[in-house]
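Colleague: Before I use any of the labels on this structure, I would like to hear the reasoning behind them.

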Amino acid sequence: MRLSAFALLTASAIVSSTAVGAISIDSVTLPDVDLSGLGQIGLVGDFRGISLYQYAGQQNSSITSTDSLLIDLPSNLVFDFDESDGTINSMCIMGESIYIAGNFTRIGHSEMQSVARINSSTGDVHGLDKGVLGNVNVAFCDVDNSIVYFGGSFTNNVAIWNVSSESWGTVPFGGLNGGPVNAIVERNGNIIFGGKFSGIGNTSSTTYDERSRMQLVNLKSANISAQGSTSNSAYSSPRSVVCSNNISAANSTWLLEDGRAGVWTASFAYDFQPTRLRIRNADANGRGTKNFRFVAYPINGIMNLTYADPDTGDTAHCDAFCPLQNITEAEYQEFEFVNVIGMDSFSLYLLDYYGEGAGLSEIQLYQEQIISYAIDAFNEPASCGVNNSEISTSKANGDWKVTTASGISYLSAANVSGTSLNSTRVAFYPDISIAGNYTVLMYTPGCMADSSCSSRGLVNVTVSPSKGATTVTHLYQTNDFDKYDIIYEGYVEANDELFRPVVTLAPVDSQIGDITVTAQKVQFVLTSTSGGLNGLFEYGPANFTTSSGSTDVGIYETAVNLAGMALDDNAEVTGLVVADSNLYVAGNFTGQNSIHNFFILSNESDISSAQGGLNGTIAAMVLSDDGKSIIIGGNFGARGNESSFVSGLSYVARYISQNSTWTGLDNGLNGPVDDIVRVSLNLSGDTYSTLVFTGDFSEILADGDDEAISSAGLALWIESEDAWADRTTLELPFISGSLSASIMIENGTYILAGSLSSQSLVASSGAFLSSGLDMSAMPFDFTDSDGTFARRSLLLPVGNNSTGLIYSGTFCRNGRTEYSAVGGKFTVDTQSESFQNFVVFNETDVTGGLPSSAFFESTAVLAVYNHDNASLIVGGDFSGSIGDIKVNGIIVWDLKTQNFASTQPPALGGDGVQVNSIVSRPGTSNIIVAGSFSTAGNITCNSLCIYDLDRGSWTSVTGGISGDIFSVRFIDSDKVIVAGNMTTGDSTACYMAQYDFSSSSWSTLGPQSSELPGPVNVFLSTSDSVSNALVTGIYSGNGSAYLMAYSSGSWVSFGEDLLEGTTIYDLEMLDLTHVAHRNSSIIPDDSILLVLGELKFQEYGNVSAAFFDGDSWTPFLYSVKENNSPGVIYSLFTEIVESVPSAYAATIETHLKAGYVVLISLAISLAIMFTIIGTALTVAYWRRRSEGYELFPSQLSDEHMARTLLPTALFGEISSAPAKY
């Protein structure tokens, strides 16, 4: 299987920008590397998804609790062009505008409230005026009327945006009461709403005393000040008018200086919306206020008030001069606010007076909002003539502190962790004097104002609205700006002696780390309903007028509304689909005629129960791509009239309209589905419509011979293949996370919403790369093997992953059959056998490897070397037996028999035997084995030893070094460089050393080794010496990675752009197609360095492979693990290799060996010689006949000729083996 490279990507260049739909994305230019001399390339490591670097800003995106706006690229990558601080639930499109709905306060860097508009031409995101306060579940674009409908959980639950005027309009029917709106569709020109509601808004009526839902604003907690107070201390305190109980006592009256105006001001640490003002005038020796003015802040505006005219009883208005009666004529006077405005302070300007001066005896301010504040001092005062049982209160447990940000105060608890998660909570007790249906709002302050975004977390909000009833809502407090969430909608019981409604906020106790929790306030909004609806409402514009609310047409007597009333009470509709004028309705309800959570309303108004529907809640529903069936996901397992789970309908189902039957999607999933979103994937050269299922499931269930497939909350259904993606032969992308919405724009491109991570190719820790940058996955799943790898390697990690670790690999051939072989820490299961840590395979089958039972559990293969396509030399950390032969650290695999070789190297010995590197000495049958060991067979051999394949015996390298060797490379046929963490004979630290086979001597390389900052992991050489070398390793002091070049007599670091946490595993030098003409002393003009590992950049994020040209970095490969954490590439291996590199070890050109060149040259020479000799003999013959012949003495004897050139000088190299560089 093979995946074509990104459509715009070539080996030489990528165009500067790409129009995806109409949104421009900057593509990137990769270095013009020449891979033609390498053949096929293998990439191995620890990853589940892998991609080429394709566009600017491409990074491994993380899965977060908040949603982003994404573009689905042709390469199956997603481009994250804007993030939100909350959730995005729905999208619709009208012209070039995409309207989005959710629960957020920010998109990108701009404040937006739950709704927004995207310009599909530019990608710019704009807010819609001040937005919608609340959770918006659905957006529906009425293109014919240029209106966007929004539905959800907010005031009236329905809002409309007029596209032409770019303004909010009035919903003619006043909204929907009683619960949220979840779905909106259009049928036959009418707009149909689905949700959990029971009536429309503008037919509501109230019969209760409005004063019963008034709440006193707590002036006692306000900061009170005044200007112009009298100098008489008995009357000079402006606070004396707060909570006054005796209007004639001096300590309850405040006076101004005689003959002048003054100001009384109250400032608060919270905001409120007053609706009523009550004032008692002063009664002190004839003094009192004649008129006043109310000024609100921060708007600094004079408020318009109404009052009852004392003479006529009619309603009168005032603003700048509002009259007060003399105290002898009235005990107090009430004023109503014409406009309900939010404020956090206000002033009363006393302008004129009775008698000698102005004054007041009591001020009371009321609001209609029923609010319980977390800071109890902000709640209604208990000593102002109000019974304690009739006021809103709160109680906080835990280490809470008052926090003030942006002028608003609230409670916050920092560093909450461990047991304090269970003891930190706030209980809100609202003053509910009237039982009824309420919408309950929880307010959460934004985290940017108090700089707590990094530590905000998740809270549980528990609502107890009535005796025995409890609901729990999970809320994220990670919002950047202030927000509120609807936490409950429904019936709330009034206070009495036995029960009081309560809302409790507490952190989720499973969170890890120090969490910051905030608590501000809870609001109860009483809603009224006229009834007549039950989860469905059909709005026909002809049935309504703005002024009267409804015409004579019966608004409830539509087929849709009557279908809702046929359901049992409290029905909730979660999905609506219109197909062939039929309305498909799904949700959580039951009804007449065996309706269970799904039914169909035909265009002729007939209701079908769809064979009893399904036996559980339906969360998501879409029309299939061919329009012939309805695809459904939720929490169900059988048809509605069946109680037991049926595997074919396990959480996913399909209803086929033509024959009215239910079928499964194979055997379904093993957990509930939350969302179904359609996307388009480019797979194996074609485009496929794909449904993305997300939810609380972990696998696709087994189906017949098809085994179960791990699927962590996300599964792909290929509609045209009628199969789960993992059960097709298509080359698939790696996708993880969740999707909540999608919309198709130009050219079939999708704009997506969710928290998603993707890579172009799904691969199980191994992939192949061609010279044209086509990438394909190794054809088997390498899963994590059991046991702990007790490693002594410098950098290679170990741990339990769902994907196995592959450390090394090679290509090999047996006759005309090509194979790949890889080693690491993994398990590969076939139908007949299980292999562990080393396998040999072709395109379709595993042909051999280490059986899982052959070795101890604590094993890992670190090096796989191909010797002359006859044997594979396998090294690592393992021990065991092959038949009666004990092995340790190294084995030989016979490629021809596809089995263990009959002769095995005598076992290595020592403390913690581990082989890290294997190469062959050019021109010989000698294998150089390096790692951590002290003996080989019965000889002493410290860390480096020679195994002769022909003789089957070890040879010790005399003298030299000991310790851990990680890398071995020949720089010519006699000299080999070893690198690692070693010591010399006198225990001096040594990180690089050279062994010369011609002189059997070691060299510690002087300053080239001693000046390095720590152990070396990988070494590259530019020539037959180390005078121009590249190395990577780790600093001895802090364990961080370094990358250095030896140039002009000293080491030069060039890894400054790599951030802390970078780990480098391999270095390779590649040819360029064209000379770069750089001025670099590190990298030649015709080459470029490829660095492999887990690389961290400020600009590029986490990269698995990157190019370095001597001056700047360019990412090459990104990868991720199964859990979406950054992946890693450990090594690269190639199909074509050479014994000794002429320059860098990875700079390779295809060429014939010298022996073959001599043979060909000799054949050509002999042909020429025979031609010349033949011609000469012919001429000599005819000359002899005419002139006669005389013998000429020979100049060289036969013995001399034989000594001139030995045959081995010509043909000795023909038998040499190819070696890994």
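**Labels and their reasons**

Modeller: Cys 990 counts as buried because its relative accessibility is 1%, and the cut-off for buried is under 20%. Keep in mind that this is a predicted model.

Colleague: What makes Cys 812 buried or exposed?

Modeller: Cys 812 has a relative accessible area of 6%. Buried means under 20%, so Cys 812 is buried.

Colleague: How do you know that Cys 447 and Cys 453 form a disulfide?

Modeller: Their sulfur atoms are 2.0 Å apart, and the limit for a disulfide is within 2.5 Å. The pair therefore qualifies as a disulfide.

Colleague: Which hand does the disulfide of Cys 447 and Cys 453 have, and why?

Modeller: The torsion about its S-S bond is about 85 degrees, so the disulfide of Cys 447 and Cys 453 is right-handed.

Colleague: Why are Cys 447 and Cys 453 given their burial labels?

Modeller: Cys 447 has 0% relative accessibility and so counts as buried. Cys 453 has a relative accessible area of 32%; partly exposed runs between the 20% and 50% cut-offs, so Cys 453 is partly exposed.

Colleague: How many disulfides are there by this rule?

Modeller: The count is 4 disulfides. Among them is the link of Cys 318 and Cys 322, with sulfur atoms 2.0 Å apart. This link is right-handed, with 100 degrees about the S-S bond, and both Cys 318 and Cys 322 are buried. Another joins Cys 941 and Cys 945, again with 2.0 Å between the sulfur atoms. Its S-S bond has 105 degrees and is right-handed, and both Cys 941 and Cys 945 are buried.

Colleague: How many aromatic pairs are there, and what makes Phe 598 and Trp 662 a pair of their particular kind?

Modeller: The count comes to 51 aromatic pairs. The ring centres of Phe 598 and Trp 662 are 5.3 Å apart and the planes stand at 70 degrees. The limits are centres within 6.5 Å and, for edge-to-face, planes over 60 degrees apart, so this pair is edge-to-face.

Colleague: Which parts does the pair of Phe 598 and Trp 662 tie together?

Modeller: Phe 598 is in strand 50 (residues 595-601) and Trp 662 in strand 55 (residues 661-663), so the pair ties together parts that are 64 residues apart in sequence. Both Phe 598 and Trp 662 are buried.

Colleague: What kind of pair do Tyr 1046 and Trp 1051 form?

Modeller: Tyr 1046 and Trp 1051 are edge-to-face, at 4.9 Å centre to centre and 65 degrees between the planes. Tyr 1046 has 7% relative accessibility and therefore counts as buried; Trp 1051, at 11%, also counts as buried.

Colleague: How do you know that a charge sits over the ring of Tyr 443?

Modeller: The charged end of Lys 521 is 4.5 Å from the ring centre of Tyr 443, and the distance limit is within 6 Å. Arg 278 lies over the face of Tyr 332, at 4.1 Å from the ring centre.

Colleague: What is noted about the phi of Ser 581 and of Ser 660?

Modeller: Most residues other than glycine have a negative phi. Ser 581 has a positive phi near 65 degrees, and Ser 660 has a positive phi of about 55 degrees. Ser 581 is in the loop between strand 48 (572-579) and strand 49 (582-591). Its relative accessibility is 27%, so Ser 581 counts as partly exposed. Ser 660 is in the loop between strand 54 (652-656) and strand 55, and at 30% Ser 660 is partly exposed.

Conventions
Residues numbered from 1 in each chain as written. Predicted model: local features only at pLDDT ≥ 70, side-chain atom pairs only at ≥ 80, totals over all residues. Heavy atoms only, no water. Phe/Tyr/Trp six-rings, centres within 6.5 Å; stacked < 30°, edge-to-face > 60°. Helix = DSSP H or I, 4+ residues; strand = E, 2+ residues; numbered from the N terminus. Buried < 20%, exposed > 50% of the residue type's maximum accessible area, 1.4 Å probe, protein only. Lys NZ or Arg CZ within 6 Å of the ring centre and 35° of its normal.
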